[in-house]
Amino acid sequence: MGNASVVTKFILLGIPYTEDLETTLFVLFLGCYVFTLMGNLLLLLAIVSSTRLHTPMYFFLCQLSVCDIFFPSVSSPKMLFYLSGNSRAIFYAGCVSQLFFYHFLGCTECFLYTVMAYDRFVAICYPLRYTVIMSHRVCAILAVGTSFFGCIQATFLTTLTFQLPYCGPNEVDYFFCDIPVMLKLACADTSALERVGFVSVGLMPLSCFLLILTSYSRIVCSILQIRSTEGRRRAFSTCSAHLTAILLSFMPVVLIYLQPTPNPWLNATVQVLNNLVTPMLNPLIYSLRNKEVKYSLRKVLWQVAFLPEQ
């Protein structure tokens with residue numbers, strides 16, 4: 001990226017109004033981060049090890065678990081590093097990487113939730129044609145497409161942010177490099193770029209949300225036509241986990257990027273929930289109400305516990 005910046009390092013100031021809470025936050029965030037990694041790895045192992053779970057729905061759930069492993073890893077290691085008393089400095093290239101991978105993984109997840117909603121739509125509305133419509137080739141194209149368009153969106157936003165000159169202040173009033181806080185440090189007029197970024201960041205999740213809403217409108221109509229009470233309950237149960245995950249993922253985007261008057265403390269709190277808590281909860285959301293996943297998880301844990309003795 002062509003950048004005439006004289007700033008080579010930025011200083012991450014951390015979460016606003018949390019002075020003298022570094023040790024408490026370190027223990028809390030480290031626990032969440034470790035639990036997130038373990039939960040998503042176990043879910044991946046459970047799906048991969050069970051042939052009964054080798055279906056399109058669980059294929060996309062595997063991709064979501066991979067994103068949930070890397071998404072908190074964009075900002076958490078550095079945050080834990082400086083909360084433990086080490087340097088808060090981050091190199092310019094590291095800041096660029098943080099912003100790119102945060103939006104790449106975030107956008108990929110957003111597109112992935114849309115694809116998962118389409119998968120549920122086909123499974124419930126066209127059950128007899130499900131395996132034909134959601135073939136291995138279609139699933140592969142959709143999976144690659146989510147990452148490709150996520151990369152395009154992240155590249156655009158990162159280029160938009162770091163084409164600006166950074167020649168003076170280098171203190172980032174946040175716990176990682178993100179668009180709103182970086183624009184405040186730029187040595188140029190950012191009003192036009194803020195409007196473009198606002199439209200870009202807002203348009204993508206809004207479009208995905210409308211597509212998801214369309215899919216679930218059709219799904220609800222189809223479920224209501226099911227005569228069996230047990231059939232309706234099972235169909236709603238299948239979709240409820242996905243809807244819960246969607247709400248947990250989309251609400252932070254609305255609160256952080258589309259609010260008229262930014263609130264630093266609120267933004268940081270919501271961002272921490274988005275970065276650590278949501279990826280930690282996703283394995284629980286998708287496994288607690290799913291008998292097949294729970295059975296496969298118990299099998300994996302049993303093998304892990306007793307394999308060394310054999």
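Let's start with Cys-139, which is buried at 5% relative accessibility; buried here means under 20% relative accessible area, exposed means over 50%, and partly exposed is in between (1.4 Å probe, protein chains only). Cys-32 is buried too, with a relative accessible area of 14%.

Before going further, a word on what you're looking at. This is a predicted model, in which local features need pLDDT of at least 70 and side-chain atom pairs count only at pLDDT 80 or more, while totals for chains, interfaces and linings use all residues. Residues are numbered from 1 along each chain as its sequence is written, and side-chain values use heavy atoms, with hydrogens and water left out. The pLDDT is the predictor's confidence in each residue, from 0 to 100. Its mean over the chain is 84, and 90% of the residues reach 70 or more. Over residues 1-5 the pLDDT is below 50, and this stretch has 13 contacts in the model beyond near neighbours in sequence (a contact means heavy atoms within 4.5 Å).

Back to cysteines. How many disulfides does a search of the whole structure find? There are 2, a disulfide being a pair of cysteine sulfur atoms within 2.5 Å. One of them joins Cys-95 to Cys-177, with 1.9 Å from S to S. The torsion about that S-S bond is about -115°, so this disulfide is left-handed. Cys-95 sits in helix H4 (residues 92-125) and Cys-177 in the loop between strand S3 (171-172) and helix H7 (179-185), so the bond ties together parts that are 82 residues apart in sequence. Helices (H or I, at least four residues) and strands (E, at least two) are DSSP runs, numbered from the N terminus. Are these two cysteines buried or exposed? Cys-95 is buried with a relative accessible area of 0%, and Cys-177 is buried with a value of 0% as well.

Cys-167 and Cys-187 form a disulfide too, with their sulfur atoms 2.3 Å apart. Cys-167 is in the loop between helix H6 (136-162) and S3, and Cys-187 is in the loop between H7 and helix H8 (191-224), 20 residues apart. Here the picture is more open to the probe: Cys-167 counts as partly exposed at 44% relative accessibility, and Cys-187 is partly exposed at 32%. Counting bonded cysteines along the chain, the disulfides follow the pattern 1-3, 2-4.Strand S3 also belongs to a sheet. The sheet is open, with 3 strands in the order S2-S1-S3 and mixed pairing. Strands of a sheet pair through backbone hydrogen bonds, either parallel or antiparallel. S1 (residues 9-12) and S2 (residues 89-91) pair in the antiparallel sense over 3 bridges, whereas S1 and S3 run parallel and are joined by 2 bridges; two strands count as paired if DSSP finds at least two bridges between them. S2 and S3 are the edge strands, each pairing on one side only.

Which residues face each other across these strands? Ile-11 stands opposite Ala-89 in S2, and its bridge partner in S3 is Glu-171. Leu-12, for its part, stands opposite Val-172 in S3. The side chains along S1 alternate: Phe-10 and Leu-12 point to one face and are buried, while Lys-9 and Ile-11 point to the other and are not.

Phe-10 turns up again in the nonpolar core, a set of buried Ala, Val, Leu, Ile, Met, Phe, Trp, Tyr and Cys residues joined through side-chain atoms within 4.5 Å. The largest such core has 46 residues, and those that touch the most other members are Phe-10, Phe-29, Phe-162, Tyr-166, Val-172, Phe-175 and Met-182. S1, helix H1 (22-49), H3, H4, H6, H7, H8 and helix H10 (264-288) each supply at least two residues of this core. Its largest share, 8 residues, comes from H4. There is also a second, separate core of 43 residues, which includes Leu-43, Ala-46, Ala-123 and Met-134.

H3 (residues 76-83) deserves its own stop on the tour. Of its 8 residues, 6 are buried, so this helix is largely enclosed by the rest of the structure. The buried ones are Ser-76, Lys-78, Met-79, Leu-80, Tyr-82 and Leu-83. After H3 comes Gly-85, whose phi is positive, near 100°.

Finally, here is what a record adds. An unreviewed UniProt entry lists "transmembrane region" for residues 25-46, 58-77, 89-118, 138-156, 196-214 and 235-258; UniProt positions are given in the numbering used here, feature names are shortened, and annotations may be inferred rather than shown by experiment. In the model, residues 138-156 are 100% helix and 0% strand, with the end C-alpha atoms 27 Å apart. Residues 196-214 are likewise 100% helix and 0% strand, and their end C-alpha atoms lie 27 Å apart.
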